[in-house]
Amino acid sequence: MRIIAADTVVTGPGRNFVTLRITTDDGLTGVGDATLNGRELAVASYLRDHVAPLLTGRDAGRIEDTWQYLYRGAYWRRGPVTMAAVAAVDTALWDIKAKAAGMPLYQLLGGASRTGALAYGHASGRDIPEILDSVRAVRAEGYRAVRVQSGVPGLDSVYGVDDPTRTAGTASGGHPRPHEETWDTAAYLRHIPRVFEAVRAEFGPELPLLHDGHHRLTPIQAARLGKDLEPYDLFWLEDATPAEDPTALRLVRGHTTTPLALGEVFNSVYDYGPLLSERLIDFVRSAVTHAGGVTGLRKLLDLAAVHGARSGIHGPADISPVGMAAAVHLDLAVHNFGIQEYTRHTAETLEVFRPSYTFEGGALHPSEQPGLGVDLDAEAAARFPYEPAYLPVNRLLDGTLHDW
Ligand code: CS2
Ligand code: MG
């Protein structure tokens with residue numbers, strides 16, 4: 001089974017997505033997600049200009065060899081652009097292999113280890129009453145685990161509450177500028193424990209609650225937040241400190257029993273290093289899309305298992321239904337599953353991508369269709385052109401640029 005075509009599809013049904021579609025000489029097609037929010041065209045070029053020409057004529061069944069060929073063979077290995085491209089090729093080849101086998105992907109990964117993948121939804125609000133309403137609404141949608149993000153008194157626009165697709169007007173040539181949010185760590189640290197106190201009091205002890213710190217705290221600030229949140233028994237505190245310095249987590253870990261999650265911005269198993277070997281985190285957050293595909297995640301989740309960490313695969317709306325489907329197959333198959341983030345895609349996105357996974361009883365379930373179980377409608381994709389968009393940037397009240 002030889003690869004005869006590898007087409008990169010860039011589409012913007014409400015937000016931008018990059019998808020690789022591989023076709024084989026026996027007529028099978030496979031899809032892989034390569035969406036890197038805010039830097040989409042860099043990955044599209046990497047795929048079109050550097051990867052697709054190498055794929056034609058290769059044996060579609062040699063997934064590990066192709067992964068190594070694109071990873072080691074590039075010499076300039078790793079990095080978000082490279083690894084999103086590798087992810088798309090890898091995921092598309094797994095889709096093809098599972099279709100050729102006539103099995104849903106999770107069967108090739110070892111079969112089901114559970115009946116479904118517990119998913120968490122997003123609740124947020126500018127103040128506590130809005131947050132309580134939002135948690136109620138998320139539960140009414142069927143979720144049994146909820147991430148809670150809050151506005152901070154004195155700040156206009158905060159991660160997780162404000163619309164991340166906002167722009168701040170246009171620069172020359174009509175190109176958008178990133179929206180600017182504001183940040184005050186001291187106000188945040190004072191406020192967040194009150195939010196979780198109110199949510200726990202309202203919803204009782206059993207509801208799994210999560211929170212994303214989005215890389216904003218120093219190690220000692222993160223340690224304090226973890227301690228202050230201990231009475232509210234979080235499922236996890238995510239990205240308490242910027243992810244690139246694993247030594248920061250030593251300090252956080254030494255001070256708090258709040259479980260820690262990290263890794264959505266990582267792009268390979270190697271990024272985790274001491275975070276896993278020293279047991280500094282409880283959950284690994286890499287997405288199939290950003291960390292080398294099904295093969296990349298499989299390597300990571302196996303290493304995590306050795307060090308007692310579980311999966312918490314990244315699943316915001318900027319992971320396409322293709323990336324989400326791949327995650328759901330892994331979630332079902334791996335032993336050390338923790339939880340799956342699941343943000344529903346818009347109707348426009350679902351016109352282009354037709355996933356067959358389902359969300360029932362608070363859990364995600366892959367379909368029994370052979371492969372990933374996602375069709376890409378190329379005509380619908382062409383109706384939604386790419387539009388440049390950025391993630392926001394974040395500034396302290398005195399204007400200093402801070403982590404977003
Ligand atoms: C996030 C994302 O889902 C999460 O935990 O931190 O919202 C992240 O900000 C986006 O994926 C960025 O593209
Ligand atoms: Mg996050």
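A residue counts as near a molecule if one of its heavy atoms lies within 4 Å of it. The exercises below use this cut-off and a few others on a predicted model.

**Exercise 1. Find which residues come nearest to ligand 1, and state how much of the ligand the protein covers.**

Solution.
Step 1. Apply the 4 Å cut-off. There are 14 residues around ligand 1, and Asn37, Tyr159, His214, Glu264 and Glu341 come nearest.
Step 2. Look for polar side-chain atoms beside oxygen atoms of the ligand. Tyr159 has a polar side-chain atom 3.0 Å from an oxygen atom of ligand 1. For Asp212 the distance from such an atom to an oxygen atom of ligand 1 is 3.0 Å, and for His314 it is 3.3 Å.
Step 3. Turn to the area. On its own, ligand 1 has 340 Å² of accessible area, and the protein covers 90% of this.

**Exercise 2. Describe how domain 1 and domain 2 are placed, and say where the largest nonpolar core lies.**

Solution.
Step 1. Mark the bounds: domain 1 spans 3-104 and domain 2 spans 108-368.
Step 2. Take the centres over C-alpha atoms; they are 25 Å apart.
Step 3. Look at the contacts: 34 residues of domain 1 meet 33 residues of domain 2.
Step 4. Go to the core. It has 121 residues, and those touching the most other members are Ile22, Leu47, Val89, Val148, Phe196, Ile281 and Leu364. Helix 3 (residues 80-101) supplies the largest share, 11 residues. Both domains give residues to this core, so the core lies between domain 1 and domain 2.
Step 5. Take Val89 as an example. Leaving out residues up to four places away in sequence, Val89 touches Leu20, Ile22, Leu47, Val51, Leu55, Thr66 and Leu70.

**Exercise 3. Decide whether Asn394 is buried or exposed, and list what surrounds it.**

Solution.
Step 1. Locate the residue: Asn394 is in strand 19 (residues 393-396).
Step 2. Compare its accessibility with the cut-off. Buried means under 20% relative accessible area. Asn394 has 0%, so this residue is buried.
Step 3. Find a polar partner. A polar atom of the Asn394 side chain lies 2.8 Å from the backbone oxygen of Asp403.
Step 4. Read off the contacts beyond four places in sequence. Among them are Glu181, Thr182, Trp183, Arg216, His402 and Trp404.

**Exercise 4. Name the buried residues of helix 2 and the helices they pack against.**

Solution.
Step 1. Within helix 2 (residues 63-71), the buried residues are Ile63, Thr66, Trp67, Gln68, Leu70 and Tyr71.
Step 2. These buried residues pack against helix 1 (40-55), helix 3 and helix 10 (293-306).

**Exercise 5. Asp239 and Arg279 each have a positive phi. Give the loop and the burial class of each.**

Solution.
Step 1. For Asp239, phi is near 40°. Asp239 sits in the loop between strand 10 (236-238) and helix 8 (247-255). Its relative accessible area is 0%, so Asp239 is buried.
Step 2. For Arg279, phi is near 55°. The loop here runs between helix 9 (273-277) and strand 12 (283-284). With 47% relative accessibility, Arg279 is partly exposed.

Notes. Residues are numbered from 1 along each chain as its sequence is written. Chains are lettered from A and ligands numbered from 1 in the order in which they are written. This is a predicted model: local features need pLDDT of at least 70, side-chain atom pairs count only at pLDDT 80 or more; totals for chains, interfaces and linings use all residues. Side-chain values use heavy atoms; hydrogens and water are left out. A nonpolar core is a set of buried Ala, Val, Leu, Ile, Met, Phe, Trp, Tyr and Cys residues joined through side-chain atoms within 4.5 Å. Buried means under 20% relative accessible area, exposed over 50%, partly exposed in between (1.4 Å probe, protein chains only). Helices (H or I, at least four residues) and strands (E, at least two) are DSSP runs, numbered from the N terminus. Domain bounds come from an automatic or database domain assignment. Contact means heavy atoms within 4.5 Å. A polar contact is a pair of N or O atoms within 3.5 Å; within protein, one must be able to donate a hydrogen and the other to accept it, and residues adjacent in sequence count only if both atoms are side-chain atoms. Accessible areas come from the Shrake-Rupley method with a 1.4 Å probe; for residues, only the protein chains shown count as cover.
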